[in-house]
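Open the model in your viewer and show the aromatic side chains. The stops below go through them by selection.

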Amino acid sequence: MSSRKTRLAAAILVAGALTVTTACSSGHSNSDGSGKSTAGASKAPVKATSISVGTAEDSKGPAAAEPGAKKGGTVNMIDRDDFSHLDPAQIYMNYNAEVSLLFTRQLTGYKTAEDGTQKLVGDLATDTGTTTDGGKTWKFTLKDGVKWQDGSPITSADVKYSIERTYASFIKSGPTYIQSWISGADYRSAYEGPFGGKELDAVQTPDDKTVVITFPEAHTDANFTLAMTGYGIVPKAHDTKEEYDKKPFSSGPYQITEHVTDRSLDLERNPNWDPATDPIRNAYPDKWHMAFGVQAQQSTERFMADNGDDKNTFSFHNQVHTTYIDQVKADEKLKPRTLEGLTPYVDYYYINNSRIKDQKVREALVKAFPHQQTRQLQGGTSYGDYATSYMSPTVLGYESYDAYGILKKPQGDPEAAKALLTEANAVGTTIVYAYNNTPVQQKVTEAIRDALEKAGFKFVPKPLDAKTYYDAIGQVNNEYDLYWGGWGADWPTGYTSLQPVWDGRAIADGASNYAHLNDPEINSAIDAAVKIADPVAQGKAWAAIDKQLQDKAVSIPDVYQRSLSLYGSGLGGVEFDTLAGLQSPLNIYVK
Amino acid sequence: MTTPTGATTDGNTSRPGSTSDLADNATTDAPGDPGFRGLSPGQLMWRRFLRDRTGVVSACVVLLFVAVAVFAPLIAMLYGKNPEAHYGQEDVSLLTDSGLPTGPNGGMSGDFWFGLEPGLGRDVMMLLIYGIRTSLIIAVATSLLTTVIGVALGIAAGYLGGKTDYFIGRVIDVLMSFPSQIFLIATMPVVTSLLVNSDEKNPDWLPFVSVTLVLSLLGWMGLARILRGVSLSLREREFIEAAKVTGASPARIIFKEILPNLWTPILVQSTLALPAFVTAEAGLSYLGVGVSEPTPDWGRMIADASGFLRTDVTFLLFPGLAMVLFVLAFNLLGDSVRDAFDPKTNR
């Protein structure tokens with residue numbers, strides 16, 4: 001889930017959002033039931049969602065039935081943007097991955113139990129893979145009865161081919177973990193893809209049902225990596241290369257009937273999908289009709305009105321528009337069809353460690369930062385929970401640890417910050433804050449300016465163009481001290497939530513180590529954590545790294561992002577997918 | 001405002017067709033006093049203006065706005081608030097968790113007369129009052145700049161004629177064919193980056209200067225065209241001929257003979273242009289390319305408020321009303337000024 005793209009899109013959306021219609025003006029109150037007007041009072045600490053690795057028994061189909069669900073009908077989906085990619089190998093963004101659940105299967109996948117706990121299970125494979133040498137060699141066995149939409153069986157050769165084609169030059173936007181683990185960072189020069197007739201030796205197929213993947217180094221969470229839609233399966237016989245992005249060949253419960261770019265996508269049942277092979281998907285509706293070009297404000301109004309076809313409508317990505325948050329939360333009628341949950345994204349205000357080297361100054365920044373004010377400007381409690389750690393609570397191994405008392409003083413502590421600055425003899429330090437030049441971010445910048453100036457910093461705001469924001473802050477020699485950025489784990493282990501952002505060896509122009517932290521202690525701790533085979537022990541190691549990062553005050557974690565969304569009253573089984581931060585299509589049925 | 005033609009030595013004769021005009025008006029202006037004579041055109045204009053009730057009322061409104069802008073710091077002191085403090089964030093009881101005012105009518109109260117801004121919780125009345133400053137400074141500066149450019153180029157084109165006229169005329173044609181709104185949006189960032197290096201802090205004067213420059217660039221052509229036409233016809237008249245014969249330099253002819261006759265269109269045009277610049281500036285800020293935070297600005301306030309139309313309509317009401325009142329008063333004043341100067345023109 002490339003957080004940068006989704007968040008950027010969100011920023012542009014907010015920039016362009018305006019509201020129509022009118023109402024009489026009365027006072028507003030906080031609608032979280034407390035009755036008091038304590039804006040942003042800290043809630044109970046965030047509860048970590050538990051994720052575990054399932055057994056072969058867990059990997060057996062069919063999926064657990066949704067109580068009260070029945071088959072049939074057409075479900076509508078409205079969203080702002082068309083899916084930018086449908087070719088599995090090109091898919092990194094969360095909403096592309098979410099729709100792909102309906103027609104693309106991977107070796108592994110996530111199954112959500114009724115109590116909200118999630119398990120990694122085998123999807124095409126009979127289990128979550130076995131490794132005998134600590135994560136260097138992974139063996140997967142395919143289930144019996146898994147078929148393509150034309151009825152031909154899915155074989156291990158298809159799996160091998162799917163991995164090989166991620167090397168192809170036209171695959172530009174998918175994940176690159178497996179490729180670079182097999183062939184190194186410059187993997188495209190090591191292997192050109194399957195179209196020239198060459199094969200990738202690291203993936204072996206001893207028989208039709210068995211796949212063996214070998215890495216030079218141990219990667220103990222490779223079975224999580226293979227659950228990414230980016231490693232979804234593609235048939236060699238029906239691979240149309242670049243064209244495959246428009247209309248992929250289905251291995252899941254639905255197949256695409258029509259896809260009009262930027263307008264609509266229609267799906268119907270795939271008769272050759274066997275529910276007995278699938279522990280993840282409940283395919284209740286007969287058809288799906290997805291329409292694009294609906295802004296968040298529009299979709300909020302439509303869901304609130306709940307008229308006609310909108311009754312049977314949900315939205316993967318569109319959330320409740322900021323100005324309607326209070327109204328939606330206060331409306332008892334909307335409550336049964338409101339979804340709220342924690343997304344995998346954590347918002348940071350990155351401190352540029354190559355410019356601010358004094359740890360005391362960084363601690364002062366962390367102490368002074370006005371979390372409550374900035375959150376209030378962006379939607380309050382619905383925007384997110386105050387973050388203290390770098391790992392999201394949705395990640396395996398998350399532990400709550402509040403090194404700077406942020407939960408006690410989310411509005412910032414200018415006195416404590418000033419004391420730290422005085423101690424470091426750095427009162428009046430200039431902080432160049434780069435921000436996305438949108439109306440909301442201008443206001444957020446005002447709140448930050450106010451807080452930092454109170455703490456004794458000199459504040460210099462630098463507006464950046466929304467389109468080039470990430471390019472500008474991604475420069476290693478950028479001239480900014482503080483800038484916002486979000487990060488979401490690609491799969492829920494500490495590796496993807498910490499390594500890409502805090503590994504000092506990953507510093508490069510445009511790379512995701514925006515804070516430019518290069519701490520030998522952290523680097524070696526990351527190396528050690530990767531090698532731990534037991535997922536729970538590994539999670540503990542990542543949590544320890546997270547604590548170290550906090551103690552060093554390398555950046556300012558701001559919020560664990562939340563999502564607040566609505567759906568139509570005619571649908572049941574609409575659930576929130578915490579791994580993607582979207583509405584999940586898996587259990588939806590028409591009432 | 002100086003009396004326009006009073007400055008000239010031969011104000012009466014230099015006014016085209018003024019003899020009869022003056023005689024007419026002098027008698028109608030003061031019918032009860034047949035012996036009264038010798039009013040200057042400026043005094044006449046002032047009398048006509050005072051008789052126009054709409055004009056006087058709008059002039060008062062305009063003066064009120066100007067006074068509020070000038071005395072903004074004094075008002076802030078008496079009122080006890082300032083436009084920069086985030087009251088709603090300092091006192092958590094004023095705003096809800098998602099930033100809407102807790103009080104009814106956008107948080108209007110004895111402390112915050114016009115309510116609170118959702119989000120940052122600044123005082124709406126202070127934002128409005130300081131916003132007048134922003135609007136007025138930019139609009140007045142732009143009016144002055146465009147008037148100077150328009151007068152210089154218009155008279156030059158009209159009086160000099162020939163190639164100068166042709167050249168200036170084509171420049172005007174080209175500039176007038178620009179789609180102005182799009183051009184303004186496109187040039188704003190360019191002008192800003194020309195004025196300040198990307199690694200420096202944007203100084204507070206920057207948005208003022210760049211908005212003024214950009215608006216002036218496309219704002220002077222109308223006036224220049226009118227002045228060109230008038231001076232073209234004046235050029236051929238006897239008093240100019242006479243001045244030429246007596247050996248007056250072109251500079252003297254332009255400044256002492258032609259310019260005094262142009263004060264009417266200049267004043268009328270610039271009083272009408274001022275409210276147009278106020279709206280243009282607000283338009284730019286509304287679109288997000290004008291004056292940025294933390295400088296208070298009406299256009300940006302309206303843009304922000306439009307997002308709260310359904311949840312906090314009070315926040316839109318005040319800047320909206322203020323804007324309408326301000327622009328309306330200025331436009332009516334412009335009309336009245338024109339009527340007073342030029343009673344013969346039909347609208």
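Start by selecting A:Phe195 in this predicted model. Its relative accessibility is 33%, so A:Phe195 counts as partly exposed. Add A:Phe170, which at 12% relative accessibility counts as buried, since buried means under 20%.

Now view the two rings together. The centres of A:Phe170 and A:Phe195 are 5.8 Å apart and the planes meet at 40°, so this pair is tilted. Planes count as edge-to-face only over 60 degrees and as stacked under 30. Along the chain the partners are 25 residues apart: A:Phe170 is in the loop between helix H3 (156-165) and helix H4 (177-183), and A:Phe195 is in the loop between helix H5 (187-190) and strand E6 (203-204).

Next, select A:Trp181 and A:Phe215. These rings form an edge-to-face pair, with 5.7 Å from centre to centre and 90° between the planes. A:Trp181 belongs to helix H4 of chain A, while A:Phe215 is in the loop between strand E7 (210-214) and helix H6 (222-225), 34 residues apart. Both A:Trp181 and A:Phe215 are buried.

For the following stop, select A:Phe83, A:Tyr95, A:Tyr254, A:Trp288, A:Phe292, A:Phe314 and A:Phe316, which form one aromatic cluster. Over all chains, the structure holds 41 aromatic pairs.

Finish with charges over rings. Which residue lies over the face of A:Tyr386? Select A:Arg375: it is there, 4.0 Å from the ring centre. Then move to A:Tyr401, where the charged end of A:Lys547 sits over the ring at 5.3 Å from its centre.

How values were computed. Residues are numbered from 1 along each chain as its sequence is written. Chains are lettered from A and ligands numbered from 1 in the order in which they are written. This is a predicted model: local features need pLDDT of at least 70, side-chain atom pairs count only at pLDDT 80 or more; totals for chains, interfaces and linings use all residues. Side-chain values use heavy atoms; hydrogens and water are left out. Rings of Phe, Tyr and Trp (its six-membered ring) pair if their centres lie within 6.5 Å; planes under 30 degrees apart count as stacked, over 60 as edge-to-face and the rest as tilted. Helices (H or I, at least four residues) and strands (E, at least two) are DSSP runs, numbered from the N terminus. Buried means under 20% relative accessible area, exposed over 50%, partly exposed in between (1.4 Å probe, protein chains only). A charge sits over a ring if NZ of Lys or CZ of Arg is within 6 Å of the ring centre and within 35 degrees of the ring normal.
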